[in-house]
Amino acid sequence: MIYPQNFEQKIGFDQIRQLLKEKCLSTLGEERVTDMAFSDRFSEVEEHLDQVFEFVRILREEDNFPAQYFFDVRPSLKRIRVEGMYLDEQELFDLRRSLETIRDIVRFLQKSEGEEEETASHYPCLKRLAGDITVFPQLIGKINGILSPYGKIKDNASAELARIRRELASTMGSISRSLNNILRNAQSEGIVDKDVAPTMRDGRLVIPVVPALKRKIKGIVHDESASGKTVFIEPAEVVEANNRIRELEGDERREIIRILVEFSNLLRPSIPDILLSYEFLAEIDFIRAKALFSEQITGLKPAFENKQVLDWTMAVHPLLQLSLAKHGKKVVPLDIELSEKQRILIISGPNAGGKSVCLKTVGLLQYMLQCGLLIPMHERSHAGIFSNIFIDIGDEQSIEDDLSTYSSHLTNMKIMMKNCNERSLILIDEFGGGTEPQIGGAIAEAVLKRFNQKQTFGVITTHYQNLKHFAEDHEGVVNGAMLYDRHLMQALFQLQIGNPGSSFAVEIARKIGLPEDVIADASEIVGSEYINADKYLQDIVRDKRYWEGKRQTIRQREKHMEETITRYQTEIEDLQKSRKEILRKAKEEAEQLMQEANARIENTIRTIKEAQAEKEKTRQARQELADFRQSMEALAAKEQEEKIARKIEKLKEKQNRKKEKKANKGQENMLSAQASAEQQARKEAERLAAIVPGSNVRIKGQTSVGEVMEVNGKNATVAFGSIKTTVKLDRLERTNAQPKQADVSAKSTYISSQTQDSMYEKKLNFKQDIDVRGMRGDEALQAVTYFIDDAILVGMSRVRILHGTGTGILRTLIRQYLQTVPGISHFADEHIQFGGAGITVVDLS
């Protein structure tokens, strides 16, 4: 139960509805916003919240969600339920685009298991929503056969329509040629001005002529200009052709209507299913609007529990947030908690201190949450669900109903006491106000007692002392205060739960400038004990705020220490992982070095066997190889130690000097090892000297044979087929095998991403019309040449060249050039209604 009837206006939810409607794409979503209602079913509310939360993630993470065509064609579909009614071209165009949108949304939410299964599982609630929705691919295909991509009836929608339009185009062309001939003759005779062109009057092609010369052209006068200085004549030569055009246009309209009626008859049995699909589209539009609004107010889904709880941190009134943001200000967030132990919060404090805003914030956010909207607060907040929300705020006096302000408050209290229970949330502003304070406070205390007995949850604002005392003495009721800076004399708009607040009446009166003697008299009337008690209360609140600030500072420091410790532990783990990785890479490099050394040893042995050397020389060579192997192992070990030392040196800066000494020592050992390998290197150099330009070689350990193109020091340029590469000589070996011949017929095409981007930008910026009027012949030809080249490059199917009529020289030159271009399939005059012989339409193949 929501009470009273104007509850939404009182808390400002009607403005939330309006903001949501502005974010809808169509009337489909706006209707859902209008029908949006409060729900007390936990599973339903949670499902709605999850849907919005998932759509917020889509807005943040996905760029390809189909949200371009949300058209409401339900009225049109309902209209054609009547036999003989049909959809017009625009309605059919909207139907096709919206059906395609429904199909694309369902595909997006129900991606196949083999295709981005992980992504699809991110939106389970929206996927369930799209589970039983029917898409109509055959219907879309049928519409595509009737309509062009731009929403016009295709020529081939039927054979009869194709025939009519061919005849219409032919007749229009003959009329255009006849009119141009008549017009040129009239211009040459001085009857018509040089810049005059045929125009349309009442659907017929006519020539504008000055009234004095109208009898020079035989024909029918159809109209005259408003000034009377021009008459529009239809030449007698084209009257019959124009009549035929009118007949063909009528035939065309009738054939189009026949096609649309035939399609509507085909569509009629599927209308109920299509309307259900549009309900899904409306729901998606509604959810999208809620998600966009949540992004605007930084809303989120708090920890939602199926019980009565209200534990909010940094909650913000969304309308106040949007209003202050326009002026560059921020809302002071609200921290509030209602639980089983403290169900009713009594808020006291100074006027204009934020009590009513606090009350409205609680009511609005809870109502938004149970309407399926995400709300602005901290993510660690907890929210529950209530069956009833009651509010009593503002002045409800009514002359017609004979209700005073206080009477209306009492009426609201009566209804609340009658209907509230443990699942209710009551919101009362200025509890007990509007009547004599003593009896008003007593009645308010008695009503508060009944609310507490019924274990109702609520937020109540008051100035009455007896209600503050009641909260201190009774379990389930707790005091709260809106804080006020007594030194700066301004409200802090912060809620502090645990202690009652002072109204700061004396301080505010003094700030406003009330005479000091009046303030002194008032203080004497209420007594010094009351004044002192109020001061003591203020001091308690101040001290509590101070120690609360200290406690928050300690908590923040502890949290910072924990984060620092965690960061150091993570860095230590990373250091250990880095050390292991360095050792692993060093071992791999050492193994690779050993493999190369073994390959060199084997090559030397093979050389010895081929030379059939003496035993003594063989033994000596083997001894040298053994020495070389030992030296290479020592060299690899030293290199490994050097790399480890160098990388650990970066991680442990304190040991820089030790590692440098160790590295230098490793360098010395490396030099001695290299000296011991000089003898073997000399022999290797003799072998490498055999590698000269023109010899066939291959890289050790590989089978591809290449030809040496050039030797430059220790490097050689080798051609492997069509690929040239530079390789160190010691990695090459001669071979008698011949390189494979490259297949010259094979071709590969590669278009860089930069070229693709350039083409895409050119296509976006390409204009299908070019105006060469006023240019000289060679200038116009050059411009048309570039224009046609670009049109073919970006894949245009049709372009228009505006050259004007004039003497016809430009037109002739341009058409002579167009005949030489192989990419052009056809060119002709534009329709006389759109420029006739002054424009050439070019169709590109």
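# Briefing: sheet, buried sites and surface of a predicted model

The side chains of R74 and E31 make a polar contact of 2.8 Å. This is a predicted model. The protein chain has 845 residues, and buried residues make up 42% of them. Its secondary structure comprises 26 helices and 24 strands. The points below start at R74, move to the seven-stranded open sheet, and end at a nonpolar surface patch.

**The R74 site**

- R74 sits in helix 5, which covers residues 74-79.
- R74 counts as buried because its relative accessible area is 9%, and the cut-off for buried is under 20%.
- Besides E31, the side chain of R74 has a polar contact with the side chain of D72, also given as 2.8 Å.
- Beyond four places in sequence, R74 touches L28, E31, L275, Y278 and E279.
- E31 therefore appears twice for the buried R74: as a polar partner of its side chain and in its list of contacts.

**Chain-wide figures**

- The accessible surface of the protein chain is about 48500 Å².
- Carbon and sulfur atoms account for 50% of that surface.
- Take the contacts between residues at least 6 apart in sequence: 70% of them join residues at least 24 apart.

**The seven-stranded sheet**

- Seven strands make up an open sheet with mixed pairing.
- Their order across the sheet is 1-11-12-13-9-14-15.
- Strand 1 (2-3) and strand 15 (490-497) are the edge strands, and each of them pairs on one side only.
- Strand 9 lies between strand 13 and strand 14 in that order.

**Strand 9 and its two partners**

- Strand 9 spans residues 342-348, and strand 14 spans residues 476-485.
- These two strands pair in the parallel sense, over six bridges.
- Within this pairing, L345 has V478 of strand 14 as its bridge partner.
- Strand 9 also pairs with strand 13 in the parallel sense, here over four bridges.
- On that side, I347 stands opposite T461 of strand 13.
- Strand 9 is largely enclosed by the rest of the structure, because seven of its seven residues are buried.

**S424 in strand 12**

- S424 belongs to strand 12, which runs over residues 424-428.
- S424 is buried, because its relative accessibility is 0%.
- A polar atom of the S424 side chain lies 3.0 Å from the backbone nitrogen of N421.
- Residues up to four places away in sequence aside, S424 touches F386, N388, F390, N419, T456 and F457.
- Among these contacts, F457 falls in the residue range of strand 13, 457-461.

**Backbone geometry**

- Y3 and P4 are joined by a cis peptide bond, with omega at about 0 degrees.
- P4 is placed in the loop between strand 1 and helix 1, the latter covering residues 7-11.
- Q455 is not a glycine, yet its phi is positive, at about 55 degrees.
- Q455 lies in the loop that links helix 16 to strand 13.
- Q455 is classed as partly exposed because its relative accessible area is 42%.
- F493 is another non-glycine residue with a positive phi of about 55 degrees.
- F493 is located in strand 15, one of the edge strands of the sheet.
- F493 has a relative accessible area of 43%, so it is partly exposed.

**Nonpolar surface patch**

- L410, I439 and I443 make a nonpolar surface patch of about 220 Å².
- I443 is part of helix 16, which extends over residues 437-453.
- I443 has a relative accessible area of 31%, so it counts as partly exposed.
- That value matters for the patch, because patches are made of residues with over 30% relative accessible area.

Note on methods
Residues are numbered from 1 along each chain as its sequence is written. This is a predicted model: local features need pLDDT of at least 70, side-chain atom pairs count only at pLDDT 80 or more; totals for chains, interfaces and linings use all residues. Side-chain values use heavy atoms; hydrogens and water are left out. Patches are made of residues with over 30% relative accessible area and no salt bridge: like charges are joined within 9 Å, nonpolar side chains (Val, Leu, Ile, Met, Phe, Trp, Tyr) within 5 Å. Accessible areas come from the Shrake-Rupley method with a 1.4 Å probe; for residues, only the protein chains shown count as cover. A salt bridge is a side-chain nitrogen of Lys or Arg within 4 Å of a carboxyl oxygen of Asp or Glu. Buried means under 20% relative accessible area, exposed over 50%, partly exposed in between (1.4 Å probe, protein chains only). A polar contact is a pair of N or O atoms within 3.5 Å; within protein, one must be able to donate a hydrogen and the other to accept it, and residues adjacent in sequence count only if both atoms are side-chain atoms. Contact means heavy atoms within 4.5 Å. Two strands pair if DSSP finds at least two bridges between them.
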